[in-house]
Amino acid sequence: MDVLGIIIAALFAQNFVLVKFMGICPFLGVSKKPSAALGMGLAVTAVMVITCLVTYPIYVFVLLPLKLEYLEIIVFILIIAALVQMLEMILKKFSPGLYSALGIYLPLVTTNCAILGVAELVIEMTTVEEAHFVHRVFNTVAGGFTDYGMAMSLGEAVFSGLMYGLGFTLAIVLLAGLRQKVDKLNVAKPLRGFPMTMLTACFMAMAFYIFTLI
Amino acid sequence: MTNLLADGIGRNIDWATFGIVVGIMSGVALVLALCIILISRFCQVKEDPRIKEVEQRLAGANCGACGHPGCAGFAKALVEGKATLDSCGQTNKEAQIEISNILGVAFDGATEPTVAVVACCGGNQCDDKYAYQGYGNCVNQNMLAGGRKACEVGCMGSGSCVDACPYMAIECFDGYAHIDPDICRSCGLCIQTCPKRLIKRVPKSAKVYVACSTECRGKDVMTKCKAGCIACGKCERTCPNGAIHLVNNVPIIDYSKCINCGKCLEACPRHCIKYVNPADEPGKNVTKVESETPDKAE
């Protein structure tokens, strides 16, 4: 997978919110104001990058050699929660401004499925022939080496974490801008407020779906 | 793979793998816990100790009436000088003086304390326009044609304010809400909750308030409510200080002119001017005289 491919996929074709429908909760909940939406988007991006940076090596160098791939979700959730906790404390110490800007959004990110989604996505396995990066693992049972094909290397994994985060930011900021415009329109009474937001999000998702067909 | 034991249902449990899984999970948990402990040790942020002290002395209801996120947020704003004690109507005077000492600012007596009153005394004496059998409290009821009361501004007595009050100062009986002025700290949550906007603040030193908010003419009120104000204007004429005026058929008391004589209350033919503190009512004359003296001293 080349860099351009990752960028296009992460921002448009495989946009986490509008195509994969992950992380809908903050997408609808924190998109009232563009500034808040940007904060949420950046928090998600930061956590995604760090998550990829930590979960990828743990999966490749711990879980795969021990043939414990099925533990990935529970281990990843644990790691993500702990990481967000640490990130919060570090930010509080070294960058109080950013800490107060992100505010409540940072802890909220912990349970966001988009984060788990990106952690799962970057360890996606293909066949050895198609894979970009092959990892040799000593098989304890058979006593020989087994080849695992990984779709991405560590660098690519972290880069796609960043890009998927930016894709999320793009979607949530766009929706926040649209919501502000839509709120000023004269909308039929039953559709006013949240229903109109859902419709807006729906049309955005339809627009982004075009990219998957290219 | 040697440790294969049957669990009785016919499944084999791979105890070796089980051990590895438990080991990995506890290993990961341990490493993460260590990291968190280390980081929290190195990244301790020195907070102003005064914030904690101020927070302990605030009322602690976290009502949010001051516009800050809870008492902790208010304490932070106070220490940073972004807020004044006036915003909090609930902290008592002693605590306010202590907080002023901690902050090193002069205590200016703050604002005059207020209490909330319900400007309706219709209750069961006010007719219903339909029988409400639906779910819930006044807020829900108000969505169905503005509640069941025939009066547009009648208390439904279904207790939205009772639920909202963090001090349990409100009680609903006789079909409308009553606020105990001794418990009320004027946080304003009921004022925001009441769908009819019936609850108002009056100064704590005030003795009487107008317990009706209808703007209808007297004849219309007569047909709907046995307790409502008919805008006869007797209170306006009786008041020796000109503190009461009828505005849109509602008597409004100007508390800066009111001398707490109680003549309006005696004159009102509908008994809808009431004592703020029910303990002031005749028959309890002893307390009345006692409470009058400190009122005037203030």
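# Why these labels?

Me: This is a predicted model, and I'd like to start in chain B. What makes Arg185(B) count as buried?
Reply: Arg185(B) has 22 other C-beta atoms within 10 Å. The cut-off for buried is 20 or more, so Arg185(B) qualifies.

Me: Where does Arg185(B) sit, and what does Arg185(B) touch?
Reply: Arg185(B) belongs to the loop that runs between β5 (176–179) and α7 (189–193) of chain B. Leaving aside residues up to four places away in sequence, Arg185(B) touches Ala59(B), Gly89(B), Gln90(B) and Tyr167(B).

Me: How far is Arg185(B) from Thr91(B), in sequence and in space?
Reply: The two are 94 residues apart in sequence, and their C-alpha atoms are 8.1 Å apart in space.

Me: Staying with loops, is Asn248(B) buried or exposed, and how do you know?
Reply: Exposed: Asn248(B) has 10 other C-beta atoms within 10 Å. Exposed takes 12 or fewer, so Asn248(B) falls in that class. Its loop lies between β8 (244–247) and β9 (250–253) of chain B.

Me: What makes the phi of Asn248(B) worth a look?
Reply: Phi of Asn248(B) is near 50°, which is positive, and the residue is not a glycine. Most residues other than glycine have a negative phi.

Me: And why is His271(B) called exposed?
Reply: The count for His271(B) is 11 other C-beta atoms within 10 Å. With the limit for exposed at 12 or fewer, His271(B) is therefore exposed. His271(B) isn't a glycine either, and has a positive phi of about 55°. You'll find His271(B) in the loop between α10 (263–267) and β10 (273–275) of chain B.

Me: Over to chain A. Why are α4(A) and α7(A) called oblique to each other?
Reply: Helix α4 (residues 72–94) and helix α7 (residues 113–122) of chain A pack at an angle of about 125°, and their axes are 10 Å apart. Roughly perpendicular covers 65 to 115 degrees and roughly antiparallel needs over 145. An angle of about 125° fits neither, so the pair is oblique. The crossing of α4(A) and α7(A) is right-handed.

Me: Which residues meet where α4(A) packs on α7(A), and how do they divide by type?
Reply: From α4(A) come Phe76(A), Ile77(A) and Ile80(A), and from α7(A) come Ile115(A), Leu116(A) and Ala119(A). The contact divides into 6 nonpolar residues, no polar and no charged. Phe, Ile, Leu and Ala are among the types counted as nonpolar, so the names fit the tally.

Me: How do you know on which side or sides of α7(A) the buried residues lie?
Reply: The buried residues of α7(A) are Ala114(A), Ile115(A), Val118(A), Ala119(A), Leu121(A) and Val122(A). They cover an arc of only 165° around the axis, which puts them on the same side of α7(A). The elements covering them include α3 (34–63), α4, α6 (105–109) and α8 (154–184) of chain A.

Me: What makes α8(A) and α9(A) oblique?
Reply: Their axes come within 10 Å and cross at roughly 135°, with α9(A) spanning residues 194–213. Since over 145 would be needed for roughly antiparallel, and roughly perpendicular stops at 115, roughly 135° counts as oblique. Here α8(A) passes α9(A) in a right-handed crossing.

Me: Which residues make that contact, and how do they divide?
Reply: Leu174(A), Leu175(A), Leu178(A), Arg179(A) and Val182(A) in α8(A) meet Met196(A), Thr197(A), Thr200(A), Ala201(A) and Met204(A) in α9(A). They divide into 7 nonpolar, 2 polar and 1 charged. Arg is on the charged list, so Arg179(A) is the charged one.

Me: How many residues does each chain bring to the contact between chains A and B?
Reply: Chain A brings 15 residues and chain B brings 13 residues. On the chain A side, α4(A) gives the most, with 10 residues. That side divides into 12 nonpolar, 1 polar and 2 charged residues.

Me: Last one: what is the make-up of each chain?
Reply: Chain A has 9 helices and 2 strands, in the order α-α-α-α-α-α-α-β-β-α-α. Chain B comes to 11 helices and 10 strands. Buried residues make up 33% of the 214 residues in chain A and 33% of the 298 residues in chain B.

Terms used. Residues numbered from 1 in each chain as written. Chains lettered and ligands numbered in written order. Predicted model: local features only at pLDDT ≥ 70, side-chain atom pairs only at ≥ 80, totals over all residues. Axes fitted to C-alpha atoms, helices over the stretch in contact; angles between N-to-C directions. Helix = DSSP H or I, 4+ residues; strand = E, 2+ residues; numbered from the N terminus. Left-handed = near helix turned anticlockwise from the far one by under 90°. Contact = placed C-beta atoms within 7 Å. Arc of directions from axis to C-beta.
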